[in-house]
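Trainee: I should like to learn how the packing of helices and strands is read from a model. May we work through an example together?

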Amino acid sequence: MSRRSGILEFAVLGLLRESPMHGYELRKRLNTSLGIFRAFSYGTLYPCLKTLVASGWLIEEPAGDPADTAPATGRPTAASSSLTGRRAKIVYRLTAEGKEHFEELLSHTGPDAWEDEHFAARFAFFGQTEREVRMRVLEGRRSRLEERLEKMRASLARTRERLDDYTLELQRHGMESVEREVRWLNELIESERSGRDQRRSSPEGSAQQDTPGETGGLPRHRDTTRPDPSDDTAK
């Protein structure tokens with residue numbers, strides 16, 4: 001499985017955990033909610049769905065359009081589909097095995113979770129992720145970007161004299177983008193730590209365990225619902 005297809009399968013399972021959807025709804029959600037999938041087609045989505053069905057993580061069900069149902073039974077009729085010339089919509093639903101598999105994927109915190117595209121997908125489902133896992137992913141992402149920033153600075157120092165003004169400005173722009181994301185990650189990590197420390201110091205919360213959805217209080221001055229580290233329009 002390629003890294004790109006793995007990210008797509010993760011995102012599809014995460015969205016279907018929220019509610020069953022048909023292909024059009026899934027593609028729309030992937031396009032609008034997860035920016036990393038803006039430029040993908042049905043030719044990419046449907047093979048992914050078929051793979052997930054074959055793995056036992058999804059099941060296909062008729063959409064049950066009221067216009068295509070028999071009055072007495074409320075079930076889709078073959079005649080209605082043939083008369084309209086339209087294929088009945090298929091709804092994809094997460095199975096118990098699919099939910100278990102997605103929760104297992106949520107717990108992974110290896111290097112893949114820190115890379116650009118995979119991190120964006122992981123962050124989109126932080127509301128369903130355990131606090132300690134969120135912390136490991138955020139800290140891993142920050143470490144990866146700090147390494148990248150160090151290399152960028154070293155490269156710029158070596159080549160500065162050979163670059164024209166525009167190329168030099170482009171290099172600086174890239175460094176500033178990484179620096180902004182590192183600052184953003186620092187704020188998120190501090191917020192997570194503050195929330196954890198508050199729970200530990202609270203007599204009522206001392207016996208409770210962290211559960212998915214507890215964000216610890218995200219920084220209010222940033223839109224962290226759909227992070228796009230490469231988006232510099234707000235500069």
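**Helix pairs and the sheet**

Mentor: Helix 6 and helix 7 are roughly antiparallel to each other, because an angle over 145 degrees counts as such. Please bear in mind that this is a predicted model.

Trainee: At what angle do helix 6 and helix 7 pack, and how far apart are their axes?

Mentor: As a general idea, two packed helices are described by the angle between their axes and the distance between the axes. Here, helix 6 (residues 116–124) and helix 7 (residues 131–159) pack at about 155°, and their axes are 11 Å apart. The crossing of helix 6 past helix 7 is left-handed.

Trainee: Which residues make that contact?

Mentor: Helix 6 contributes D116, F119, R122 and F123, while V133, V137, L138, R141 and R148 come from helix 7. Classified by type, the contact of helix 6 with helix 7 holds 5 nonpolar and 4 charged residues, with no polar ones.

Trainee: How should the pair formed by helix 2 and helix 3 be described, and what is the handedness of the crossing?

Mentor: The axes of helix 2 (residues 23–33) and helix 3 (residues 42–54) come within 11 Å and cross at roughly 115°. Helix 2 passes helix 3 in a right-handed crossing. On the helix 2 side the contact involves G23, Y24, L26, R27 and L30, and on the helix 3 side Y42, L45, Y46 and L49. These residues comprise 7 nonpolar, 1 polar and 1 charged.

Trainee: Let us turn to the sheet. In what order do the strands lie, and is the pairing parallel or antiparallel?

Mentor: In general, strands of a sheet pair through backbone hydrogen bonds, either parallel or antiparallel. In this model, 3 strands form an open sheet in the order 1-3-2, with antiparallel pairing. Strand 1 (21–22) and strand 2 (58–62) are the edge strands, each pairing on one side only. Strand 2 is joined to strand 3 (residues 90–94) over 5 bridges in the antiparallel sense. P62 has I90 of strand 3 as its bridge partner.

Trainee: Which helix packs on the sheet?

Mentor: Helix 3 does, touching strand 2 and strand 3, and the direction of helix 3 makes about 110° with that of strand 2.

Trainee: How do these elements fit into the whole chain?

Mentor: The protein has 8 helices and 3 strands, which run α-β-α-α-β-α-β-α-α-α-α from the N terminus on. Of its 235 residues, 34% are buried. Among contacts between residues at least 6 apart in sequence, 69% join residues at least 24 apart.

Conventions
Residues are numbered from 1 along each chain as its sequence is written. This is a predicted model: local features need pLDDT of at least 70, side-chain atom pairs count only at pLDDT 80 or more; totals for chains, interfaces and linings use all residues. Side-chain values use heavy atoms; hydrogens and water are left out. Axes are lines fitted to C-alpha atoms, for helices over the stretch in contact, and angles run from 0 to 180 degrees between N-to-C directions. Helices (H or I, at least four residues) and strands (E, at least two) are DSSP runs, numbered from the N terminus. A crossing is left-handed if the near helix is turned anticlockwise from the far one by less than a right angle, and right-handed if clockwise. Contact means heavy atoms within 4.5 Å. Ala, Val, Leu, Ile, Met, Phe, Trp, Tyr, Cys and Pro count as nonpolar, Asp, Glu, Lys and Arg as charged, and the others, Gly among them, as polar. Two strands pair if DSSP finds at least two bridges between them. Angles under 35 degrees count as roughly parallel, over 145 as roughly antiparallel, 65 to 115 as roughly perpendicular and the rest as oblique. Buried means under 20% relative accessible area, exposed over 50%, partly exposed in between (1.4 Å probe, protein chains only).
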